[in-house]
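Biologist: I should be grateful for a close look at a single part of this model, namely how its charged side chains pair and what surrounds them. Please explain each term as you go.

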Amino acid sequence: SGPYPYLPIMQPEPEAFRLLLKNLKGMLRLRSESEQILFINAWNEWTEGSYLEPDTKNHYTYLEILKEELQK
């Protein structure tokens, strides 16, 4: 996290990601069913720190959290 336009909406930690998804799901429930859309910016923007793909630190954790939260 350096001076390159690093504008995170959350800290890059699994539990912060889970909390963000829970909050987004709550916001989406307030919309009509046809407007309940969650758009994920990037699966693999490694150099920008925006990725969900497995890595050596968290392995599949982000993808597992996404699956768990969307199945609830």
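Modeller: A salt bridge is a side-chain nitrogen of Lys or Arg within 4 Å of a carboxyl oxygen of Asp or Glu. A search of the whole structure finds 7 salt bridges. The model is a predicted one, in which local features need pLDDT of at least 70 and side-chain atom pairs count only at pLDDT 80 or more, while totals for chains, interfaces and linings use all residues. Residues are numbered from 1 along each chain as its sequence is written, and side-chain values use heavy atoms, with hydrogens and water left out.

A brief outline helps to place the pairs. The chain contains 2 helices and 2 strands, where helices (H or I, at least four residues) and strands (E, at least two) are DSSP runs numbered from the N terminus. Their order from the N terminus is α-β-β-α. Of the 72 residues, 21% are buried; buried means under 20% relative accessible area, exposed over 50%, and partly exposed in between, with a 1.4 Å probe and protein chains only.

Consider the charged pairs between the helices. Arg18 and Glu69 form a salt bridge of 3.1 Å, N to O. Arg18 belongs to helix 1 and Glu69 to helix 2, so this pair ties together parts that are 51 residues apart in sequence. Arg18 and Glu69 are both buried. They also take part in a network of salt bridges that links Glu15, Arg18, Lys25, Glu68, Glu69 and Lys72. Of these, Lys25 is placed in helix 1. Lys25 counts as buried because its relative accessible area is 14%. Apart from neighbours within four places in sequence, Lys25 is in contact (heavy atoms within 4.5 Å) with Glu69 and Lys72.

Another bridge joins Glu13 to Lys57, at 3.8 Å from N to O. Here too distant parts of the chain are linked: Glu13 sits in the segment before helix 1, and Lys57 in the loop between strand 2 and helix 2, 44 residues apart. Glu13 has 39% relative accessibility and is therefore partly exposed, whereas Lys57, with a relative accessible area of 56%, is exposed.

The loop that holds Lys57 deserves attention, and one may ask: which charged residue is buried yet has no salt bridge? The residue is Asp55, whose nearest side chain of opposite charge, that of Lys57, is 7.2 Å away; Lys and Arg count as positive and Asp and Glu as negative, with His and the chain ends not counted. Asp55 lies in the loop between strand 2 (50-51) and helix 2 (61-71). The side chain of Asp55 makes a polar contact of 2.7 Å with that of Tyr51. A polar contact is a pair of N or O atoms within 3.5 Å; within protein, one must be able to donate a hydrogen and the other to accept it, and residues adjacent in sequence count only if both atoms are side-chain atoms. In addition, a polar atom of the Asp55 side chain is 2.6 Å from the backbone nitrogen of Asn58. In the loop between strand 2 and helix 2 one also finds His59, which has a positive phi of about 55° although it is not a glycine.

The nonpolar surroundings complete the picture. The largest nonpolar core, a set of buried Ala, Val, Leu, Ile, Met, Phe, Trp, Tyr and Cys residues joined through side-chain atoms within 4.5 Å, has 6 residues: Phe17, Leu21, Leu52, Tyr62, Ile65 and Leu66. Helix 1 and helix 2 each supply at least two residues of this core, and the largest share, 3 residues, comes from helix 2. In soluble globular proteins, nonpolar side chains tend to be buried together.

The whole structure has 1 aromatic pair. Its members are Phe17 and Tyr62, with ring centres 5.4 Å apart and planes at 70°, so the pair is edge-to-face. Rings of Phe, Tyr and Trp (its six-membered ring) pair if their centres lie within 6.5 Å; planes under 30 degrees apart count as stacked, over 60 as edge-to-face and the rest as tilted. Tyr62, leaving aside neighbours within four places in sequence, is in contact with Pro12, Glu13, Pro14, Phe17 and Leu52. Among these contacts of Tyr62 is thus Glu13, the partner of Lys57 in the salt bridge described above.
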